[in-house]
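Reader: Before we accept any descriptive label, I would like to go through the reasons for it with you. Could we take the labels one at a time?

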Amino acid sequence: MLSLRITRRLCNFAAAVSLTHNPAAVSNSIQNQNQKPLEEPALVKLKAERDPDKLFNLFKANAENRLVVENRFAFEDTVSRLAGANRFDYIDHLLEHQKTLPQGRREGFMMRIIMLYGKAGMVKHAIDTLYNMHLHGCKRTVKSVNAALKVLSGTRDIAAIEAFVNEAPKEFDIEFDIFSVNIIVKALCETGNLDKAYLLMVEMEKSGVRPDVISYTTLVSAFYKNNRAEIGNGLWNLMVLKGCLPNLATFNVRIQYLVNIRRAWHANDVMRLMLKIGIVPDEVTYNLVIKGFFQTGKLEMAKMVYFSLRGKGHKFNVKVYQTMVHYLCKGGEFDLAYTMCRDSMRNNWFLNVNTIHTLIEGLKKNGQPNKAKVIVTLAQRRVPPFPSSHLRSLQAVLSRS
């Protein structure tokens with residue numbers, strides 16, 4: 001069992017900005033503005049470069065170019081592509097050099113270095129970065145410790161996570177906060193250590209850190225997924241009893257569970273409860289409830305939910321259209337399936353090719369080849385285009401006698 005000393009710590013940060021209006025400042029401002037257009041193409045070059053050697057040299061040449069270094073996408077994209085090319089030596093060189101520059105004294109920047117090492121799978125480098133932050137004049141707080149903890153959690157190495165959890169607070173005189181604990185709880189749940197995750201949450205509360213909605217939602221979801229619904233339900237009730245109200249994600253977890261056990265009516269009741277207490281369902285909620293009725297053979301009820309929500313002005317995404325068209329085809333309602341598929345395609349929302357395939361076959365069997373042609377024509381106009389093999393298969397179904 002994990003043993004943690006967990007108490008709350010509030011950290012306040014302040015920054016002072018001095019504005020001057022002397023000629024030198026104005027001159028520097030004009031100079032910086034004049035330099036900016038000259039530096040911007042470096043971002044374009046980095047994005048376009050595919051050769052790892054040239055990419056490395058280009059980034060290295062712009063290592064002190066703030067437009068490059070402070071651009072999160074450019075930094076992450078460069079590291080990601082170098083990792084894809086297995087050039088971890090290049091990543092190490094670039095990131096270690098960044099630590100020596102002025103930005104290396106900022107904790108936020110060092111946290112980014114830690115996370116970049118983690119995304120590249122260079123976990124030891126990430127942890128070493130945390131341990132060596134003081135060498136670059138950078139102060140550690142629980143935020144940078146959490147960044148390293150998140151990298152470790154991605155390895156799913158529970159032994160390594162436990163060792164870090166037991167060592168880091170003493171090593172850095174930093175106490176874990178609720179974000180730390182939620183990272184650990186999630187890692188334990190993802191590795192099947194549900195009981196340990198629950199006991200950690202209990203110990204956390206005894207130590208003075210109150211579980212939040214993320215703590216409970218993570219645990220409830222894990223227990224539902226592992227067919228331990230009695231504990232999941234108990235945690236839901238405990239959460240409410242403790243005054244921690246469920247949010248949209250928590251309700252969606254509950255609805256997903258009810259749909260999985262074929263209790264569509266209960267799932268619909270939960271969605272209605274959400275509306276009653278002021279939590280607005282999202283497309284995930286709608287899709288789950290509609291899918292739940294379809295899966296239990298309540299096709300008319302699924303349609304009623306869809307049209308009722310649409311009549312109230314709710315907007316749907318492609319996943320809802322995918323669910324509707326798929327199950328309407330299974331139920332033989334090809335006219336409505338055609339209308340929904342056509343409307344979805346006109347919005348450039350394209351369904352699964354297998355679903356389109358089934359719809360075309362159904363329309364042809366119903367003696368509606370013209371509607372089938374419309375669907376194929378819309379598929380041909382897809383942006384970006386469908387793979388040619390997909391288009392050929394749809395055309396083959398259309399031309400088949």
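Reader: What makes up residues 177-211 in terms of helix and strand, and how far apart are the end C-alpha atoms?

Author: In this predicted model, residues 177-211 are 74% helix and 0% strand, and the C-alpha atoms at the two ends lie 10 Å apart. The span is one of those to which UniProt, in an unreviewed entry, assigns the feature "repeat: PPR", the others being 212-246 and 282-316. For residues 212-246 the values are 74% helix and 0% strand, with 10 Å between the end C-alpha atoms.

Reader: Why are helix 15 and helix 16 called roughly antiparallel?

Author: Helix 15 (residues 248-260) and helix 16 (residues 264-277) pack at an angle of about 165°, their axes being 8 Å apart. Angles over 145 degrees count as roughly antiparallel, and therefore the two helices are described as roughly antiparallel to each other. Their crossing is right-handed.

Reader: What makes up the contact between helix 15 and helix 16, by residue class?

Author: The residues of this contact divide into 11 nonpolar, 1 polar and 1 charged. Among them are Phe-251, Arg-254 and Leu-258 of helix 15, which meet residues of helix 16 including His-266, Val-270 and Met-274.

Reader: How do you know which description, roughly parallel or roughly antiparallel, fits helix 9 and helix 11?

Author: The axes of helix 9 (residues 142-153) and helix 11 (residues 178-190) come within 9 Å and cross at roughly 5°. Because angles under 35 degrees count as roughly parallel, helix 9 is roughly parallel to helix 11. The contact involves, among others, Asn-146, Leu-149 and Lys-150 of helix 9 together with Phe-179, Ile-183 and Ala-187 of helix 11, and its residues divide into 6 nonpolar, 3 polar and 1 charged.

Reader: Why is Lys-99 classed as it is, buried or exposed?

Author: Lys-99, which lies in helix 6 (residues 88-99), has a relative accessible area of 6%. Since buried means under 20%, Lys-99 is buried. Leaving aside residues up to four places away in sequence, Lys-99 touches Gly-104, Met-110, Ile-113, Tyr-117, Thr-129 and His-136.

Reader: What makes Asp-173 and Asn-227 count as exposed?

Author: The cut-off for exposed is over 50%; Asp-173, in the loop between helix 10 (158-172) and helix 11, has 58% relative accessibility and so counts as exposed. Asn-227, in the loop between helix 13 (213-225) and helix 14 (229-241), likewise counts as exposed, at 70% relative accessibility. Phi is near 55° in Asp-173, a positive value in a residue other than glycine, and phi of Asn-227 is also near 55°.

Notes: Residues are numbered from 1 along each chain as its sequence is written. This is a predicted model: local features need pLDDT of at least 70, side-chain atom pairs count only at pLDDT 80 or more; totals for chains, interfaces and linings use all residues. Side-chain values use heavy atoms; hydrogens and water are left out. Axes are lines fitted to C-alpha atoms, for helices over the stretch in contact, and angles run from 0 to 180 degrees between N-to-C directions. Helices (H or I, at least four residues) and strands (E, at least two) are DSSP runs, numbered from the N terminus. Angles under 35 degrees count as roughly parallel, over 145 as roughly antiparallel, 65 to 115 as roughly perpendicular and the rest as oblique. Contact means heavy atoms within 4.5 Å. Ala, Val, Leu, Ile, Met, Phe, Trp, Tyr, Cys and Pro count as nonpolar, Asp, Glu, Lys and Arg as charged, and the others, Gly among them, as polar. UniProt positions are given in the numbering used here, feature names are shortened, and annotations may be inferred rather than shown by experiment. A crossing is left-handed if the near helix is turned anticlockwise from the far one by less than a right angle, and right-handed if clockwise. Buried means under 20% relative accessible area, exposed over 50%, partly exposed in between (1.4 Å probe, protein chains only).
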